[in-house]
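Subject: The structure we talked about

Hi,

Here is the structure I promised to pass on, with some notes on what turned up in it. Have it open while you read, and look up each residue as it comes along.

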Amino acid sequence: MKIVVAPDSFKGCCTAAAASRAFAQGIAAVFPQAEIVHLPVGDGGEGTVDALLAALGGTKETVDVTGPLGERAAAVFAVLPDGTAVVEVASASGLPLVPRERLNPLIATSRGTGELIRAALDRGCRKFLVGLGGSATNDAGMGMAQALGVSFFDAAGRELGPGGAELERLDHIDVSRLDARLSQSRFTALCDVKNPLCGPDGASAVYGPQKGATPEMIARLEAALYRFAQIARRDLGRDVLAVPGSGAAGGLGAALALFCGARIQPGIDTVLELIHFDAHMSGCDLVITGEGSIDGQSAYGKVPVGVARRAKRHGRIPVAAVVGSMKPGAEKAYEYGIDVIMPTATGPMTLDESIARAPELLSGAAERLMRIVRMMLKHVHLSTEQ
């Protein structure tokens with residue numbers, strides 16, 4: 001039996017590679033002779049750097065950058081064997097860097113992401129994959145752009161400070177000092193959403209609340225991002241207001257398109273191409289994927305559905321998703337190639353307990369899944385004999 005294991009990270013408790021190892025332990029408890037292929041993946045969010053390093057090799061670089069609230073933070077990027085830099089917004093400008101009680105997208109800056117990109121340019125990288133998941137910011141990527149040489153001025157000619165609220169005062173954008181190396185580079189922005197910059201499906205309305213925005217803050221941020229789009233259209237000649245994915249990472253998708261010429265692509269599809277997922281489907285009997293939770297939105301670029309869709313291109317390969325929790329609408333995943341969803345919980349438990357026991361719970365869920373597979377195989381064998 002050949003089983004391909006391709007999970008996302010389980011945020012806050014388990015990397016994709018660690019989840020893959022836990023699944024393998026559960027599989028081996030039932031099918032010790034199974035061939036297990038480890039393909040940890042990511043969709044552009046937290047864990048994408050580690051997933052690509054695990055699959056492709058390369059090096060990890062650590063850089064001292066400006067965190068979302070101006071504090072210093074140790075962020076990382078990867079350099080793959082072909083010289084491609086993999087940058088995660090989550091590492092430099094992400095939600096995990098800000099205590100929940102201090103979340104404030106009015107003042108949070110994406111500057112650290114720009115500093116990571118600059119460090120990779122200094123390292124000689126000219127090809128970039130930028131994962132846009134997990135940001136704590138809503139500044140349209142202004143901080144990132146400032147770190148790369150762009151200036152944002154108010155009507156009095158003063159440079160804007162950090163945070164999305166500052167864009168309310170934006171009067172003009174000056175790109176005359178933009179890092180010249182960007183024109184020699186190729187950027188691909190990886191995201192699992194198609195949200196535009198503004199509107200009811202835009203960055204502020206949809207993702208502002210998870211970054212600490214109140215309804216009043218959302219209204220201000222929406223107006224600020226709209227002003228940014230208007231000024232960018234006038235000064236830079238490009239309209240990013242409705243570009244799919246421009247609202248990713250609080251508008252960082254728009255900034256990457258404007259200042260780095262980035263193409264915005266579905267993260268999971270790009271990662272699956274890089275790790276040669278299709279090649280591993282030959283002779284595959286089962287694919288096991290997974291992530292922290294699955295819900296009605298998981299059809300839109302999330303890892304389990306992305307993996308399932310890809311696997312189904314190769315015939316009727318069964319796909320199972322091991323998840324920390326099933327949320328409302330999770331059943332929609334069945335329409336997109338996932339055949340079974342196996343939650344990890346074995347009884348009532350707190351989130352803290354679930355996180356602390358993550359490897360054990362993931363292994364146990366995989367073992368239960370494989371026991372079901374073994375039961376079905378025995379049934380088929382008996383039916384054939386009869």
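**Helix α2 and its surroundings**

The buried residues of α2 pack against four strands, β3 (59-66), β4 (72-79), β5 (85-88) and β6 (127-131), and against the helix α9 (267-274). Before you go further, keep in mind that this is a predicted model. Which residues of α2 are the buried ones? They are T48, V49, A51, L52 and L53. Just past the end of α2 you will find G57, which has a positive phi of about 85 degrees.

**Two helices side by side**

Next, turn to α7 (residues 215-236) and α8 (residues 248-260). Their axes come within 12 Å and cross at roughly 5 degrees. An angle under 35 degrees counts as roughly parallel, so that is how α7 runs relative to α8. Two packed helices are described by exactly these two things, the angle between their axes and the distance between the axes. If you want to see who touches whom, L225, F228, A232 and L236 are the α7 side of the meeting, and G250, A254, L258 and F259 are the α8 side.

**Salt bridges**

Side chains of opposite charge can pair when their charged atoms come close. How many salt bridges does a search of the whole structure find? It finds 20. Here are some to look up.

- D64 and R72 join through their side chains, with N to O at 3.1 Å. R72 counts as partly exposed because its relative accessibility is 48%.
- R220 and E168 form another bridge, at 2.7 Å from N to O. This pair links distant parts of the chain: R220 sits in helix α7, while E168 is in the loop between β7 (151-153) and β8 (172-174), 52 residues apart. Both ends are partly exposed, R220 at 38% relative accessibility and E168 at 33%.
- K302 bridges to D192, and their closest N and O atoms are 3.0 Å apart. K302 is in the loop between β11 (286-294) and α10 (303-312), and D192 is in the loop between β9 (186-191) and α6 (203-207), so this bridge ties together parts that are 110 residues apart in sequence. Is each end buried or partly exposed? K302 is partly exposed, with a relative accessible area of 26%, whereas D192 counts as buried at 16%.
- D154, R158, E166 and R169 are joined into one network by salt bridges that share partners.

**A buried charge without a bridge**

K302 comes up again when you look at D43. This aspartate is in the loop between β2 (35-38) and α2 (48-56). D43 is buried, yet it has no salt bridge. Why not? The nearest side chain of opposite charge is that of K302, 4.9 Å away, and a salt bridge needs the nitrogen and oxygen within 4 Å. What D43 does have is a polar side-chain atom 3.1 Å from the backbone nitrogen of G45.

D43 is also among the contacts of D8, a residue in another loop. D8 is placed between β1 (2-7) and α1 (16-30), and it is buried, with a relative accessible area of 1%. Leaving out neighbours within four places in sequence, D8 is in contact with A16, A19, V41, G42, D43, E46, G290, E291 and V303.

**One loop, two residues**

Last stop: the loop between β12 (319-326) and β13 (340-343), where you will find K327 and also A330. Are they buried or partly exposed? K327 counts as partly exposed, at 43% relative accessibility, and A330 counts as buried, at 0%.

Now for their contacts, again without neighbours up to four places away in sequence. K327 is in contact with S293, I294 and D295. A330 touches I294, D295, G296 and I341.

There are also two distances you can check yourself, C-alpha to C-alpha. K327 and I341 are 14 residues apart along the chain and separated by 12 Å. For A330 and D139, the separation is 191 residues in sequence and 32 Å in space.

That's the tour. Shout if anything is unclear!

Cheers

Note on methods:
Residues numbered from 1 in each chain as written. Predicted model: local features only at pLDDT ≥ 70, side-chain atom pairs only at ≥ 80, totals over all residues. Heavy atoms only, no water. Buried < 20%, exposed > 50% of the residue type's maximum accessible area, 1.4 Å probe, protein only. Lys, Arg positive; Asp, Glu negative; His and termini not counted. Polar contact = N/O pair within 3.5 Å; in protein donor to acceptor, adjacent residues only side chain to side chain. Axes fitted to C-alpha atoms, helices over the stretch in contact; angles between N-to-C directions. Parallel < 35°, antiparallel > 145°, perpendicular 65-115°, else oblique. Contact = heavy atoms within 4.5 Å.
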